[in-house]
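Open your viewer and switch to a cartoon view. We will walk through the fold stop by stop, selecting as we go.

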Amino acid sequence: MANGTATPTDLDTRLEAHRTELTGYCYRMLGSSFEAEDAVQDTMVRAWRSYDKFEGRSSLRSWLYRIATNVCLDMLNAGNKRARPMDLTESTPLARAALSPRPDNTWLEPMPDARVLPTTHDPAEAAVAKESVRLAFMAALQQLPAKQRAVLILREVLAWKASEVAELLDTSVASVNSALQRARATLAERQEPGAEAAVSDPLDEDQRKLLDRYVAAFEGYDMTALTALLHEDAVMTMPPFDLWLTGTRDITGFMTTLGAPCAGSRLVPVQVNGLPGFAQYKPDPDKGGFVPWAVQVLEISDGRITGFHCFLDTQRWFPLFDLPLHLEAETDQVEQGA
């Protein structure tokens, strides 16, 4: 369709076709679910307002990425780097555990897969996309300067050519290649032992069984069974609190002391950050049934759970995942909303 002949409905449809992939791009850039969606909305508004100036010298997709990149770079000028608790503090022994919250803009935020991973029939492309939104990789991205971050995402995740990235950023191919080399070096320096979450797509039989055992252990609050599923160096985090715990003894010790009100919880599967996860509902002592408590993201490696990350701001996360804010007592499971 020629540039000048697009009707409002046509243009809306064409822009919306790119929303999921743009949200994924902005999420990787910003580390925030809500800021990413705001950035994409700003991108769409800017594209709508300036479409009559779009001369078609690049594809609509490339033009939208240029706008989205500029929006993200503007938002990153404040210098805020989203982080996980282990990026900010040392691990705390259970004996000294204290729940100290930090502001929302401190934390790397979870994101439903459906909002950032476009449908693809290429298994290799799908695997790269999932790996690139996993928490460890997202945290590493946040340590890069903003333009290096954009170059790495565009080149390594989205497989753009260096010449295409150079055009988007109004720079040279040599500059793009240099930025990519520096970004790769920074990520290599930050590589954590066992950081890769070895989760197949789809889950293999052993991983499915591991998750089934995890649900049974957690819902039964069986610490012996849970210990058998956790890696000896497993990590537990609980944003917005900066506390994080290492090792089965401290994790299960926390769950039976400060975390004791979670006994009797129900878990609902969710797809989050390219990893298996669960919406946790804990018993409601006042009204009966169950109320939201956390979105859990699990990292798995070598047949054990290595990371157990609980995002506790349920008034933000459960609507984002289209999850109900109450479960009836007789409801053990609920279908996740579309």
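Select strands E5 and E6. They run antiparallel and are joined by seven bridges. Keep in mind that this is a predicted model. Now pick Gln296 in E5 and look across: its bridge partner in E6 is Cys310. Next, go to the turn. E5 and E6 form a hairpin with two residues between them. Asp302 sits in that turn, with a positive phi of about 55°.

Stay on E5 (residues 290-301) and add E4 (residues 275-283). Seven bridges join these two strands, and they too run antiparallel. Click on Gly277, whose partner in E5 is Val297. Then click on Gln280, which is partnered in E5 by Ala294. The hairpin of E4 and E5 has six residues between the strands. Find Gly288 there, with a positive phi near 80°.

Is E5 enclosed or open to the outside? Ten of its 12 residues are buried, so E5 is largely enclosed by the rest of the structure.

Zoom out to the sheet. Six strands make an open sheet with mixed pairing, in the order E2-E1-E6-E5-E4-E3. Colour strand E2 (241-246) and strand E3 (266-272): these are the edges, and each pairs on one side only. On average, neighbouring strands are turned by 20° against each other, direction ignored.

Now show the helices that touch the sheet. Helix H12 (residues 205-219) lies across E3, E4, E5 and E6, and runs at about 140° to E5. Helix H14 (residues 248-255) packs on the sheet as well, touching E1, E2 and E6. The direction of H14 makes about 45° with that of E1.

Select Tyr214 and show its surroundings. Among the residues it touches are Leu226, Phe278, Gln296 and Phe308. Tyr214 is also one of the residues with the most contacts inside the largest nonpolar core, which has 102 residues. Met29, Met236, Met255 and Phe308 are on that list too. Helix H4 (residues 60-76) gives the most to this core: 10 residues.

Last stop: the cysteines. How many disulfides does the structure hold? Zero. Select Cys72, where the nearest cysteine sulfur, that of Cys26, is 3.5 Å away. A disulfide needs the sulfurs within 2.5 Å, so Cys72 is in none. Cys72 is buried, at 0% relative accessibility.

Return to Cys310, the partner of Gln296. Why is Cys310 not bonded to Cys262? Its sulfur is 7.9 Å from the one in Cys262, the closest cysteine sulfur, and that is too far for a bond. Cys310 is buried too, with a relative accessible area of 4%.

Note on methods. Residues are numbered from 1 along each chain as its sequence is written. This is a predicted model: local features need pLDDT of at least 70, side-chain atom pairs count only at pLDDT 80 or more; totals for chains, interfaces and linings use all residues. Side-chain values use heavy atoms; hydrogens and water are left out. A nonpolar core is a set of buried Ala, Val, Leu, Ile, Met, Phe, Trp, Tyr and Cys residues joined through side-chain atoms within 4.5 Å. Buried means under 20% relative accessible area, exposed over 50%, partly exposed in between (1.4 Å probe, protein chains only). Helices (H or I, at least four residues) and strands (E, at least two) are DSSP runs, numbered from the N terminus. Contact means heavy atoms within 4.5 Å. Two strands pair if DSSP finds at least two bridges between them. Axes are lines fitted to C-alpha atoms, for helices over the stretch in contact, and angles run from 0 to 180 degrees between N-to-C directions. Lists of a residue's contacts leave out its neighbours within four places in sequence.
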